[in-house]
Structure formats: C-alpha cells, structure tokens
Amino acid sequence: MSRARCLASLLALFTICVDDSARGADAPPQVGAQAPEFELASPDGRKTKLSETLKSGPAVVVVLRGFPGYQCPLCTRQVGELLKSAEEFERANATVLLIYPGSTPELTAKGKEFLGETKLPKNFRFLLDPGYKFTNAYGLRWDAPRETAYPSTFVVSREGAVLYALVSKTHGGRAPTADVLKALSSAR
C-alpha cells in the first residue's frame, strides 16, 4: 500500500473514531451492566447524584420525553401509575428518579408545568436534563423533529448494576409498574 493511501486510511479511521466519541453512548445500559454515573438538578436547583442515591437503596430511573412541543400525555400517565405505587417503592427502599430532558432555555419552566400541583413523595425526585447531557450519555437521544428522548426505565441495584432495562422506540411501550416492582424485589 502506498504511503498516501495508508495515510488516507488512517485519517478516515481517525475521523470515524472522533465522530463516534462525539455522539455519546452507542447504546443504553443493558441488564447486568453498571449504570453510568450522573448528577442532575431538580427545577429548584437541588442536585441528585446516582451514586449518592444508591447508598440508601436501589433506584428506578425513568426517562420521560420532556417537552417536545407539548406535555406528553403518556408520560403524565406513566408518572401517575408510578405515584400510585409510591408506598410499594418506599417498602422496597427505592428512590424513583424521574428525568425530564430538553433544551436549556425553557426546561425549568416546562418541568414545573409538567409537575403542576403534584406533590412528590419523599422517595421520588424530578430531575431536569438540560441540553441532553444525561440522555446522550445513556444513548437515549431521540434525535428527530419534535422528539427528545426515548421513554425508558432502568432499575439499578445499590451496587450500581442494571437489573431491569426497557427502552421504547415509540411514544408508548412504557415499563409497567408491576414489572419495575418485580425487578426491585430481586434487588433485596
């Protein structure tokens, strides 16, 4: 192979590597993998770090669609179902992290709008993902017009292992609360 072709091949390989690293995670965390660390803040600025949360028990990480131009009715229903089982999550010593991704300018206001007058139980946290930093790191960015993130649910053990993972490539297909609670029972 000529020196010029070899150099061109190396340059092409380097370009592919750079592009891959710029994209973020290739795929969401799978069952058995370690959940990547993250730290996000609530609309009032209180920070939550995954590793700190896991010190008190397992975590349920629920990725909502955020604000794709409207408040997603399926996200509202999913959060309502989770809230109905708040006592069961508390008995499992689990913290439910609701992640609301979006672009930075209006995210706090839209997050507050999504919650409305809902009072979250002490073991629930509503967290914002401005600029999709978490969403990209977890390989969940739904990069299409009027989309934000793939609706997803992960159950993470105290040791940080993913016990349950469901990523929906549609607006529906959300994790049934019963399945999440069953996955939590294996975390004990």
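**Close-up 1. Glu113 and its partner Lys110 in helix α5.** In this predicted model, Glu113 is partly exposed, with a relative accessibility of 45%. Its salt-bridge partner is Lys110, and the closest N and O atoms of the two lie 3.6 Å apart. Lys110 is buried, at 19% relative accessible area, because buried means under 20%. Both residues sit in helix α5 (residues 107-115), three residues apart, so about one helical turn separates them.

**Close-up 2. Glu147 and Arg65, a salt bridge between two loops.** Here the closest N and O atoms of Glu147 and Arg65 are 2.9 Å apart. Glu147 belongs to the loop between α6 (133-137) and β6 (152-156), while Arg65 belongs to the loop between β3 (59-63) and α3 (73-84). The pair therefore ties together parts that are 82 residues apart in sequence. Look at the surroundings of each partner in turn: Glu147 is buried, with a relative accessible area of 14%, and Arg65 is buried as well, at 1% relative accessibility.

**Close-up 3. Arg46 and Asp44, joined by their side chains.** This view shows a salt bridge with an N to O distance of 2.7 Å between Arg46 and Asp44. Arg46 is exposed, with a relative accessible area of 59%; the label applies because exposed means over 50%.

**The three views together.** Side chains of opposite charge can pair when their charged atoms come close. The structure holds seven salt bridges, among them Glu113 with Lys110, Glu147 with Arg65 and Arg46 with Asp44.

Notes. Residues are numbered from 1 along each chain as its sequence is written. This is a predicted model: local features need pLDDT of at least 70, side-chain atom pairs count only at pLDDT 80 or more; totals for chains, interfaces and linings use all residues. Side-chain values use heavy atoms; hydrogens and water are left out. A salt bridge is a side-chain nitrogen of Lys or Arg within 4 Å of a carboxyl oxygen of Asp or Glu. Buried means under 20% relative accessible area, exposed over 50%, partly exposed in between (1.4 Å probe, protein chains only). Helices (H or I, at least four residues) and strands (E, at least two) are DSSP runs, numbered from the N terminus.
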